[in-house]
Amino acid sequence: MDVKITRRIPASVETVYRAWTDPAQIAKWQGGRLIAEIAVDGLWFWEHTSDSGKKMPHYGRYVALEKNARIVTTWMSKGTSGLESRLEVTLAEKDGGTELVLEHTGLPDDEGGRGHEGGWKYFVNRIAEVAASP
Amino acid sequence: MLNEAFSALSDPTRRAIVERLARGPRRVTELAEPFEMSLAAVSKHIQVLERAGLVKRTREGREHVLTLDARPMREVARYASKFEKFWNERLDRLEAFVIEVENQKEKK
């Protein structure tokens with residue numbers, strides 16, 4: 001399963017890239033507690049508390065860091081049920097601001113932590129059609 | 001239930017069956033027509049879909065009529081929206097943060 005979100009952010013790519021790669025800055029907007037070595041193959045651990053008071057640990061490894069352009073990391077959490085998912089953030093300058101594309105891929109399709117990529121894509125393409133029929 | 005639904009749909013024949021049922025209920029014989037396999041083989045695929053909760057069977061006289069059940073699909077959609085919600089909230093915070101950073105810079 002994949003999640004893809006595109007956003008226009010009224011700030012420079014330099015500022016947005018720093019917000020993702022400076023540990024002091026990450027902690028400010030992500031909240032929670034963060035330990036990170038910002039380097040390719042560097043590891044990070046991030047824990048925040050959910051609205052219901054549950055501790056939510058996340059961890060991963062940076063796969064690619066391209067200044068002001070791209071951040072790729074692996075991503076594991078309770079939500080991924082032990083699967084190593086992949087988070088890719090790409091930044092591009094657009095009209096004086098930043099176009100940010102966030103892609104979280106390789107997420108499990110269900111709480112059991114199994115991935116059924118083909119089935120998932122098929123499902124998503126059909127949901128609108130099926131849900132619309134009486 | 002979700003796991004079963006996904007493994008049921010890992011097979012191309014079963015996906016084709018679901019696709020046809022998405023357009024409306026079909027009789028078993030009618031459903032089997034376009035497939036180059038025996039009625040028994042198609043029936044086996046239908047049984048897998050029934051066990052996964054994707055297909056419901058009703059009887060009209062001697063004929064069995066199959067209807068698609070969209071509920072497992074909606075569950076999947078809800079699961080996906082959890083991650084989308086998570087990232088949309090995070091990106092709201094990121095956006096507020098970077099705007100603040102740039103405002104501070106301008107003041108200096």
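Helices here are DSSP runs of at least four residues (H or I) and strands are DSSP runs of at least two (E), numbered from the N terminus. Keep in mind as you click around that this is a predicted model.

**Stop one: chain B**

Select chain B and show it as a cartoon. You'll find five helices and three strands. Now trace the chain starting at the N terminus: the elements come in the order α-α-β-α-α-β-β-α.

Next, colour chain B by burial. Of its 108 residues, 22% are buried. If you can draw contacts, try that too: among the chain B contacts with a separation of 6 or more, 55% are between residues 24 or more positions apart.

**Stop two: A:Asp41**

Move over to chain A and pick strand E2 (33–36) and strand E3 (43–49); A:Asp41 sits in the loop between them. Zoom in on the backbone there. A:Asp41 isn't a glycine, yet its phi is positive, at about 75°. Is A:Asp41 buried or exposed? A residue with 12 or fewer other C-beta atoms within 10 Å counts as exposed. A:Asp41 has 8 C-beta neighbours inside 10 Å, so it is exposed.

**Stop three: A:Asp95**

Stay in chain A and select strand E6 (85–94) together with strand E7 (97–105). In the loop between these strands you'll meet A:Asp95. What is the sign of phi at A:Asp95? Phi is positive, near 45°, and this residue is again something other than glycine. Show its surroundings as well: A:Asp95 counts as exposed because 8 other C-beta atoms lie within 10 Å.

Terms used: Residues are numbered from 1 along each chain as its sequence is written. Chains are lettered from A and ligands numbered from 1 in the order in which they are written. This is a predicted model: local features need pLDDT of at least 70, side-chain atom pairs count only at pLDDT 80 or more; totals for chains, interfaces and linings use all residues. A residue is buried if 20 or more other C-beta atoms lie within 10 Å of its own, exposed if 12 or fewer, and partly exposed in between; C-beta atoms are placed from the backbone. Two residues are in contact if their C-beta atoms, placed from the backbone, lie within 7 Å.
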